[in-house]
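The exercises below are to be worked through with the sequence and the model at hand. Each task is followed by a solution in steps.

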Amino acid sequence: MPAVTVPDITVLRRIPIPMPDASSRPVRSVTSAPSGFEGEGFPVRRAFAGVALADLDPFVHMDQMGEVDYAPGEPKGTPWHPHRGFETVTYMIDGIMAHRDSNGGGGQITDGDTQWMTAGAGILHIETPPEQLVVSGGLFHGVQLWVNLPRAQKFAPPRYQDIRAGDVAVLGSDDGGALVRVIAGEVGDARGPGSTYTPITLLHATLSPGARLDLPWRSDFNALVYVLAGSGTVGDAGQPLHKGQLAVLGDGDSLTVSATIGHHSAEPTLEVLILGGRPIREPVAWLGPFVMNTRSEVLAAFEDYQAGRLGSVPAVHGTC
Ligand code: MN
């Protein structure tokens, strides 16, 4: 995985050890993500399927995109489509995703980069593999997370942030067995570069076989652990957690993840996303690309989209 990494974990800033009286978060549920297809047909795992929105709050939805090794001509993206009422966070681990939106935002993200798009009041965008990747094929692996906006900020102006792989804060565990990339939020005094309306923490951790990661975790945030690759356990009781599974944790102020001592040579390390945020605790009305508080607000979003009020597709010169 070419997400940002380092040759020697032991020289990194250390992950703070939870206080001795910290209460470790128990595992409340484990669910397995069903496979599906997104956009024009790229494979995804629906990471949050089967979990109540109240347990995900402030998150709404998450897709693991791939991992897939495309043959030449196979890479696919999405057509132009609208969003309103939330933010999308797209973290690319392998491969390249190009983005353009009706607000003038755009760029390419690759190998550990993150793109943060506040849809807010409304935006149209397109997410595609760049032409050279379509021609060559190759690895494609990433995550798209939807972070809800509270009622007061659903109509915030659209905003676009490109976060380069080198901007994330990188921390190591004391024994050098775990590497943690802080994409958003804080771990100890290390702060990730992502900036959201709704406070969240988003980490990508890599654990060597047999390594254990103990992390302090804000007690006012929820806590979710999703396995991108490999196998391990979560919680003090050692609940097994495998690739494509999500653990929802209960209350507490620290969490524990461990990597299995590998027999799985193709995926010797445990790759997990650890995420949480401050719950918004408002009604959620979600249909397709719109996440609002009421059904009538969702219907209004469809009407505004059809009337062209969420923006228009920019002209592309030199093509026909
Ligand atoms: Mn989209």
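**Exercise 1. Find which residue stands opposite His 99, and place the pair in its sheet.**

Solution.

Step 1. The model is a predicted one. In it, His 99 stands opposite Gly 107, a residue of strand β9.

Step 2. Strand β8 covers residues 96-101 and pairs with β9 in the antiparallel sense, over five bridges.

Step 3. An open sheet of four strands, paired antiparallel, has the order β6-β11-β8-β9. Its edge strands are β6 and β9 (106-110), each of which pairs on one side only. From one strand to the next, the twist averages 30 degrees.

**Exercise 2. Name the protein donors of the manganese ion and state which parts of the chain they tie together.**

Solution.

Step 1. The NE2 atoms of His 81, His 83 and His 125 are the protein donors, and they lie 2.1 to 2.2 Å from the manganese ion.

Step 2. Along the chain, the donors follow the spacing H-x1-H-x41-H.

Step 3. Strand β6 (residues 81-83) holds His 81 and strand β11 (residues 123-128) holds His 125, so this pair ties together parts that are 44 residues apart in sequence.

Step 4. Both β6 and β11 belong to the four-strand sheet of the previous exercise.

Step 5. A residue counts as buried under 20% relative accessible area. His 81 and His 125 are both buried.

**Exercise 3. Sort residues of helix α3 into buried and exposed, and describe how the buried ones are arranged.**

Solution.

Step 1. Helix α3 runs over residues 295-306, twelve residues in all. From its first C-alpha to its last it reaches 17 Å, close to the 16 Å expected at 1.5 Å a residue.

Step 2. Val 298, Ala 301 and Asp 304 are the buried residues of α3.

Step 3. Seen down the axis of α3, these buried residues fall within an arc of 120 degrees, so they line one face of the helix. As background, an α-helix has 3.6 residues a turn, so residues three or four places apart point the same way.

Step 4. On the other side of α3, the exposed residues are Arg 295, Ser 296, Glu 303 and Gln 306.

Step 5. The cover over the buried residues of α3 includes β26 (285-287) and β27 (290-292).

Step 6. After α3 comes Gly 308, with a positive phi near 80 degrees.

**Exercise 4. Locate the cis peptide bonds at Pro 58 and Glu 67.**

Solution.

Step 1. Asp 57 and Pro 58 are joined by a cis peptide bond with omega of about 20 degrees. Pro 58 is in the loop between α1 (53-56) and β5 (59-70).

Step 2. The bond from Gly 66 to Glu 67 is also cis, and its omega is near 10 degrees. Glu 67 has its place in strand β5.

**Exercise 5. Asp 111 and Arg 281 have a positive phi without being glycine; state where each one is and whether it is exposed or partly exposed.**

Solution.

Step 1. The phi of Asp 111 is near 40 degrees. Asp 111 is in the loop between β9 and β10 (114-118). Its relative accessibility is 30%, so Asp 111 counts as partly exposed.

Step 2. The phi of Arg 281 is about 55 degrees. Arg 281 is in the loop between β25 (270-277) and β26. With a relative accessible area of 71%, Arg 281 is exposed.

Terms used:
Residues are numbered from 1 along each chain as its sequence is written. This is a predicted model: local features need pLDDT of at least 70, side-chain atom pairs count only at pLDDT 80 or more; totals for chains, interfaces and linings use all residues. Side-chain values use heavy atoms; hydrogens and water are left out. Donors are N, O and S atoms within 2.8 Å of the metal (3.2 Å for Na, K and Ca); water is not among the atoms, so sites may look incomplete. Helices (H or I, at least four residues) and strands (E, at least two) are DSSP runs, numbered from the N terminus. Buried means under 20% relative accessible area, exposed over 50%, partly exposed in between (1.4 Å probe, protein chains only). The expected span of a helix is 1.5 Å times one less than its number of residues. The arc is that of the directions from the helix axis to the C-beta atoms. Contact means heavy atoms within 4.5 Å. Two strands pair if DSSP finds at least two bridges between them. Axes are lines fitted to C-alpha atoms, for helices over the stretch in contact, and angles run from 0 to 180 degrees between N-to-C directions.
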